[in-house]
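Student: Could you take me on a close look at the buried interior of this protein, and at what surrounds it? I'd like one connected tour rather than a list.

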Amino acid sequence: MSHHKAAKDDAIYHFAASGFAAIVNFPLWRASAIAQSGFKLEGSNKFVRWYKAVVQPPYRGVVATMLGMTWARAAIFYGSDLGKDYLKHNGLPTVAAQTLPPLVIGTFVQFANMPLVRSTITIQNPSSTLNSVSEALVHIYKTKGVGGLWHGVSAGILKTVPKYITAVAVKDYMEDKLPLVDPNDRNATLMRSAIKSITAGVAGAVLTNPLDVLRNEMFKTDLGIKDAYRKLVKEEGAAFLTRGIASNMTAVAFPLAITIFMTDILLAGKDKYSHH
């Protein structure tokens, strides 16, 4: 398996991979949003509560959530690949070339997506009377003003940007360090891509879980970042750092890994086809 050189026409492959990951991941994202926000689920035992969080309707904000996730991940991974090559070509050190694209693109994406992120998480509360993203957006605007739509953006950037910087760095590191395999050996190619993808996904999820919790606490309470942090420390102590981490491992690590893995497979197919 040779290194794929990033190209402008790779965008469709990144969007296809991100879209697939978003579709597969929605139930897990929903469960993570509920767990990290501390929303209360009724149920006699843990399995019943898990079933309600992951499987049981209503599925609120499905399309909006999936579209938001698709364009965000695709933009960050695609932009990071192209940006890294461009910056390295123009003389920037490898670390800067690797860090700057996900930093800049991730910040932009998080800011652009923030109203959507806040509204989709808000309506996952089982006790919410809001049934759609549009209802949530209108409610937040009427009760909190325009600024309310971007409430939590600071914590969102602190959470999202390091996650993608980490995932992109680990992905690229593994790509460089893992032994190359014969592109005609399908099993070896899939295994190499799986190892790279899972490692990058897990690293991005684990390191940013506390910031996920902080952002969701801001959504739930409308507190600022400092007050939300103080509240978490006062009520839960250091335990808040791992709140919802099991759900986050599936809701964050899984889609990151799937996105990277599917992108690898699609781009490998593209390269193989172009050589015929």
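Tutor: Happy to! Let's settle one term before we start: a residue counts as buried when its relative accessible area is under 20%, and as exposed when that value is over 50%, with partly exposed in between. Please also keep in mind that this is a predicted model.

With that cut-off in hand, begin at W29, which sits in helix α1, residues 11-37. Its relative accessibility is 12%, so W29 counts as buried. Leaving aside neighbours within four places in sequence, W29 is in contact with T65, M69, T120, I121, Q124 and A251. There is also a long-range pairing here: W29 and S247 are 218 residues apart in sequence, yet their C-alpha atoms are 7.9 Å apart in space.

Now for the largest nonpolar core. It has 18 residues, and those touching the most other members are F77, V109, Y164, V170 and L256. Two or more residues each come from α3 (62-89), α7 (153-177), α8 (186-221) and α10 (245-274). Helix α7 is the biggest contributor, with 5 residues. To see how one member is placed, look at Y164: beyond its neighbours within four places in sequence, Y164 contacts R73, I76, F77, P102 and L256. A second core is separate from this one; it holds 11 residues, including M66, M69, M114 and V153. You have met M69 already, as one of the contacts of W29.

Not every buried residue on our route is nonpolar and bulky. Take G79, in helix α3. Its relative accessible area is 17%, so G79 is buried. Outside the stretch up to four places away in sequence, G79 touches A74, P101 and I105. Measuring from C-alpha to C-alpha in the model, G79 and G106 are 9.6 Å apart, with their positions 27 residues apart in sequence.

Helix α7 offers a charged-residue example in E175. E175 is buried because its relative accessible area is 14%. The side chain of E175 makes a polar contact of 2.7 Å with the side chain of K196.

Finally, step out to the surface. There L92, L100, L103 and V104 form a nonpolar patch, and together they have about 290 Å² of accessible area. One of them, L100, belongs to helix α4, residues 94-122. L100 counts as partly exposed because its relative accessibility is 33%. That puts L100 in the middle class of the scheme we started from, while W29, at 12%, falls in the buried one.

Notes
Residues numbered from 1 in each chain as written. Predicted model: local features only at pLDDT ≥ 70, side-chain atom pairs only at ≥ 80, totals over all residues. Heavy atoms only, no water. Core = buried A, V, L, I, M, F, W, Y, C linked by side-chain atoms within 4.5 Å. Buried < 20%, exposed > 50% of the residue type's maximum accessible area, 1.4 Å probe, protein only. Helix = DSSP H or I, 4+ residues; strand = E, 2+ residues; numbered from the N terminus. Contact = heavy atoms within 4.5 Å. Patch = residues over 30% accessible without salt bridge, like charges linked within 9 Å, V, L, I, M, F, W, Y side chains within 5 Å. Areas by Shrake-Rupley, 256 points an atom, 1.4 Å probe, with all protein chains shown as cover. Salt bridge = Lys/Arg side-chain N within 4 Å of Asp/Glu carboxyl O. Polar contact = N/O pair within 3.5 Å; in protein donor to acceptor, adjacent residues only side chain to side chain.
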